[in-house]
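Ready for a walk through a structure? Open your viewer, keep the selection tool handy, and follow the stops below.

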Amino acid sequence: MTEPPVKRGNSRSGSPRNGGATPGRGESPVTRAAVLDAALAIIDSDGVDGLSMRRLADAVGRDPMVIYRHVPNKAAVLDGVAELLFAQLTVDATDPDWQHRLRAVARDFRELALAHPRAVPLLVTRPLATPLGLRPPSVVRPLEHMLALLTRAGFSGADALHIYRALFGFLYGHVLNELQELVERPEETDEVLRLGLHRLPISEFPLLRELAPVLAGYDGAAELERGLDILLTGLTATLPGPS
């Protein structure tokens with residue numbers, strides 16, 4: 001019988017080579033997508049302030065130096081997470097009903113924000129802090145597709161851009177407002193107490209106190225639709241109609 005072949009290993013067995021796994025660390029290949037997925041999970045759990053490069057490396061199961069090969073610093077990680085989220089927002093530029101499509105985009109954006117509430121600052125502020133031409137393609141793509149949708153509907157390019165800005169300005173404000181509608185005492189039945197409005201002098205804030213039942217009954221989905229009704233009605237009334 002022939003002897004089985006002997007496997008000859010490296011004399012420095014267990015040493016990482018070319019950024020490979022260190023003993024006791026993960027063995028799967030590290031990709032930029034995996035790093036950003038791990039970063040989003042950390043932000044979802046503990047917010048942007050809870051993210052650090054060392055914690056990200058621990059989540060991926062690699063030495064921090066391996067992480068730096070995919071994202072050079074925390075700012076690049078945050079930009080990548082914003083890119084990852086915006087990639088989930090699609091716009092069907094072929095929809096013949098532009099108002100229906102804008103409503104669908106608004107609902108999708110709200111659902112994305114509610115799914116990742118602690119990442120909303122990245123959705124709202126991160127792209128705006130970068131010149132348009134330097135933003136990742138997935139961040140700019142919704143704008144391009146919305147312009148295509150609206151110009152195909154007959155709007156001029158300038159009016160299409162105006163509609164986009166009005167819609168996303170409204171959406172940014174809406175999701176930030178909805179996520180901040182916190183109830184101080186959810187067990188209370190009195191709306192003034194539930195919202196903590198009893199802390200405000202009634203002589204200085206009579207209208208807020210009067211609107212306590214409306215404030216306590218905040219419905220994010222309904223508020224979104226009402227805001228879209230106002231926005232789209234105003235746009236169609238003030239802009240030249242599609243040709």
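Helices here are DSSP runs of H or I with at least four residues, while strands are runs of E with at least two, and both are numbered from the N terminus. With that in mind, colour the protein chain by secondary structure and read along the sequence: the pattern is α-α-α-α-α-α-α-α-α-α-α-α. That comes to 12 helices and 0 strands. Please keep in mind throughout that this is a predicted model.

**Before zooming in**

Stay with the whole protein chain for a moment. Of its 243 residues, 35% count as buried. Now think about contacts in the protein chain with a separation of 6 or more: residues 24 or more positions apart account for 65% of them.

**Stop 1: α5 and α12**

Select residues 98-115, which are helix α5, and residues 220-238, which are helix α12. The two pack at an angle of about 145°, and their axes are 11 Å apart. If you turn the view to look at how they cross, you are looking at a right-handed crossing.

Next, show the side chains where they touch. From α5, pick W98, Q99, L102, R103, A106, R107 and R110; their partners in α12 are G220, A221, L224, E225, L228, D229, L232 and T236. Sorted by class, this contact of α5 with α12 has 7 nonpolar, 3 polar and 5 charged residues.

**Stop 2: a salt bridge between those helices**

Side chains of opposite charge can pair when their charged atoms come close. Keep E225 and R107 on screen, and you have an example: their side chains form a salt bridge, at 2.8 Å from N to O. This pair links distant parts of the chain, with E225 in α12 and R107 in α5, 118 residues apart. Are these two buried or exposed? E225 has 24% relative accessibility, so it counts as partly exposed. R107 is at 35% and therefore is partly exposed as well.

Add R103 and D229 to the selection. Salt bridges with shared partners join R103, R107, E225 and D229 into one network.

**Stop 3: α5 again, now with α7**

Leave α5 on screen, hide α12, and bring up helix α7, residues 137-153. The axes of α5 and α7 are 10 Å apart, and the helices pack at an angle of about 165°. An angle over 145 degrees counts as roughly antiparallel, so α5 is roughly antiparallel to α7. Their crossing is left-handed.

Which residues make this contact? On the α5 side, select W98, R101 and L102; on the α7 side, select M146, L149, L150 and A153. The contact of α5 with α7 divides into 6 nonpolar, no polar and 1 charged residue.

While R101 is highlighted, look for D95. The side chains of R101 and D95 meet in a salt bridge, with 2.9 Å from N to O. Both R101 and D95 are buried.

**Stop 4: A113 in α5**

Stay in α5 and centre the view on A113. At 1% relative accessibility, A113 counts as buried. What does A113 touch? Leaving out residues up to four places away in sequence, the answer is V120, L123 and V175. Try a distance label between the C-alpha atoms of A113 and V175: these residues are 62 apart along the chain, yet those atoms are separated by 6.8 Å.

**Stop 5: α7 and α4**

Go back to α7 and add helix α4, residues 74-86. The axes of α4 and α7 come within 7 Å and cross at roughly 40°. The two helices are therefore oblique to each other. To see where they meet, show A82, E83 and F86 in α4 together with S138, V139 and P142 in α7. By class, that contact has 4 nonpolar, 1 polar and 1 charged residue.

**Stop 6: one more salt bridge**

How many salt bridges does the structure hold? There are 8. For your last selection, choose R55 and D46, which form one of them, with their closest N and O atoms 2.5 Å apart. R55 has 33% relative accessibility and so counts as partly exposed. D46, with a relative accessible area of 39%, is also partly exposed.

Technical notes:
Residues are numbered from 1 along each chain as its sequence is written. This is a predicted model: local features need pLDDT of at least 70, side-chain atom pairs count only at pLDDT 80 or more; totals for chains, interfaces and linings use all residues. Side-chain values use heavy atoms; hydrogens and water are left out. Axes are lines fitted to C-alpha atoms, for helices over the stretch in contact, and angles run from 0 to 180 degrees between N-to-C directions. Angles under 35 degrees count as roughly parallel, over 145 as roughly antiparallel, 65 to 115 as roughly perpendicular and the rest as oblique. Contact means heavy atoms within 4.5 Å. Ala, Val, Leu, Ile, Met, Phe, Trp, Tyr, Cys and Pro count as nonpolar, Asp, Glu, Lys and Arg as charged, and the others, Gly among them, as polar. A salt bridge is a side-chain nitrogen of Lys or Arg within 4 Å of a carboxyl oxygen of Asp or Glu. Buried means under 20% relative accessible area, exposed over 50%, partly exposed in between (1.4 Å probe, protein chains only). A crossing is left-handed if the near helix is turned anticlockwise from the far one by less than a right angle, and right-handed if clockwise.
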